[in-house]
Amino acid sequence: MAFPTDRPRRLRRTAGLRALARETRLLPGDLIYPAFVREGIDVPVPIASMPHQQQETLESLTAAVDDAVAAGCAAVILFGIPVAKDAHGSQAWAEDGVVQRALRSLRRRFGDETVLIADCCLDEYTDHGHCGVLGDDGSVDNDATIELYGRIATSQAAAGADIIAPSGMMDGQVGAIRRALDANGFQHTAVLSYSAKYASVMYGPFREAADCAPQSGDRRSYQMDVANQREAVRRTVLDVQEGADMVMVKPALTALDVVARVRDATDVPVAAYCVSGEYAMLHAAAAAGAFDERAAVLEALTAIRRAGADLVITYDARRAARWLREEDDRV
Ligand code: PBG
């Protein structure tokens with residue numbers, strides 16, 4: 001008998017065999033593009049730590065979403081940067097708030113041609129930069145905050161969001177949002193919960209992009225400890241019980257183990273957010289000549305899918321979707 005008998009290399013010999021044996025496919029329709037819309041600017045503002053990304057005006061946002069739709073992306077997720085911030089973040093639920101205006105105009109233009117997701121949080125809107133309102137002792141008041149999340153979600157649904165994505169990591173946020181949506185006639189608006197969101201340094205560039213770094217303290221009393229894996233599963237299961245239609249793990253590349261466990265623990269769609277710092281790392285390394293940008297991005301996104309994510313939120317969504325259409329033998 002010849003040795004070895006099992007020869008996995010047989011299925012790696014040609015591009016056709018590799019395609020046939022491939023376990024995970026990465027498609028444009030798996031990718032969600034995050035966009036920043038900023039009030040009070042006349043021209044888009046580039047984001048220094050994130051090549052190719054910019055703060056959009058209402059007009060340039062339309063062009064960005066046009067491009068994402070043409071590229072075949074699954075959805076866009078919107079973040080707003082208001083002119084005026086206050087202690088309660090009241091622009092987050094204002095009828096003429098920047099995200100509400102953006103949602104209305106995108107809905108008018110695109111109808112049901114694309115899926116619009118609204119990030120639901122307070123940190124871009126509060127003058128102190130925390131994801132909730134502060135109590136007398138200066139800590140984030142959980143229950144007062146989730147009340148406000150309900151208001152934000154309702155205003156975003158009214159403006160045309162298909163999906164509300166709470167990212168503040170408050171206890172009970174999904175239940176509070178679901179109740180507010182149902183009570184206001186938005187039974188059909190879905191909730192994508194940032195269920196396992198870590199207190200990660202990888203959000204650094206985003207805080208420049210969204211102008212939302214906390215003025216004092218940090219987010220470790222509400223975002224999860226990077227050392228924990230089981231807690232992520234527990235948190236996700238709670239979110240589904242409270243009514244989350246979809247769940248999310250964030251960051252992605254530093255939490256692939258968590259993506260895999262969350263995938264096993266639930267039947268709802270799982271998204272993973274390849275965050276701003278992960279984007280910045282890949283692009284800085286590529287710019288320094290460490291590797292090819294396109295190959296590195298597609299490898300990273302494929303790895304996130306392989307770990308178990310159905311959907312990947314990535315700043316590379318528009319470009320990667322175009323690259324994928326050209327690829328025939330990747331990774
Ligand atoms: C909070 C929010 C953050 C991100 C998405 N939603 C920042 C934070 O929690 O500090 C980070 C996304 C990224 O880094 O790409 N509204």
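## A walk through the chain, starting at helix H10

The buried residues of helix H10 pack against a whole set of neighbours: strand E1 (31-38), helix H8 (256-265), strand E9 (270-274), helix H9 (276-287), strand E10 (311-314) and helix H11 (317-326). Keep in mind as you look around that this is a predicted model.

Let's stay with this helix for a moment. Which residues of H10 are the buried ones? They are Ala296, Val297, Leu298, Ala300, Leu301, Thr302, Ala303, Ile304, Arg305 and Ala307. H10 runs over residues 293-307, and because each of its 15 residues should add 1.5 Å, a span of 21 Å is expected. The C-alpha atoms at its two ends are indeed 21 Å apart, in agreement with that figure. Just past the end of H10 comes Gly308, whose phi is positive, at about 130°.

Now step back to see the chain as a whole. Its secondary structure consists of 11 helices and 10 strands. For 331 residues, a compact globule would have a radius of gyration near 20 Å, and the chain agrees with this, at 20 Å. Along the principal axes, the C-alpha atoms fill a box of roughly 75 × 45 × 40 Å. Of the 331 residues, 54% are buried. Among contacts with a separation of 6 or more, 76% join residues 24 or more positions apart. On the outside, the accessible surface comes to about 14,600 Å², and carbon and sulfur atoms account for 50% of that.

Next, look for the ligand. There are 18 residues around the ligand, and those that come nearest are Lys197, Arg207, Lys250, Ser276 and Tyr315. Ser276 has a side-chain N or O atom 2.7 Å from a ligand oxygen. Arg219 places a polar side-chain atom 2.8 Å from an oxygen atom of the ligand, while the side chain of Lys250 has an N or O atom 3.3 Å from a ligand nitrogen. How much of the ligand does the protein cover? On its own the ligand has 400 Å² of accessible area, and the protein covers 100% of it.

Our last stop is Leu122, in the loop between strand E5 (115-120) and helix H4 (142-159). Is Leu122 buried or exposed? Its relative accessibility is 0%, so Leu122 counts as buried. Beyond its neighbours within four places in sequence, Leu122 is in contact with residues including His88, Trp93, His130, Cys131, Leu148 and Ile152. Arg38, by comparison, is 84 residues from Leu122 in sequence, with 15 Å between their C-alpha atoms.

Key: Residues are numbered from 1 along each chain as its sequence is written. This is a predicted model: local features need pLDDT of at least 70, side-chain atom pairs count only at pLDDT 80 or more; totals for chains, interfaces and linings use all residues. Side-chain values use heavy atoms; hydrogens and water are left out. Helices (H or I, at least four residues) and strands (E, at least two) are DSSP runs, numbered from the N terminus. The expected span of a helix is 1.5 Å times one less than its number of residues. Buried means under 20% relative accessible area, exposed over 50%, partly exposed in between (1.4 Å probe, protein chains only). Contact means heavy atoms within 4.5 Å. A residue is near a molecule or strand if one of its heavy atoms lies within 4 Å of it. A polar contact is a pair of N or O atoms within 3.5 Å; within protein, one must be able to donate a hydrogen and the other to accept it, and residues adjacent in sequence count only if both atoms are side-chain atoms. Accessible areas come from the Shrake-Rupley method with a 1.4 Å probe; for residues, only the protein chains shown count as cover. The radius of gyration is taken over C-alpha atoms; the globule rule is 2.2 Å times the number of residues to the power 0.38.
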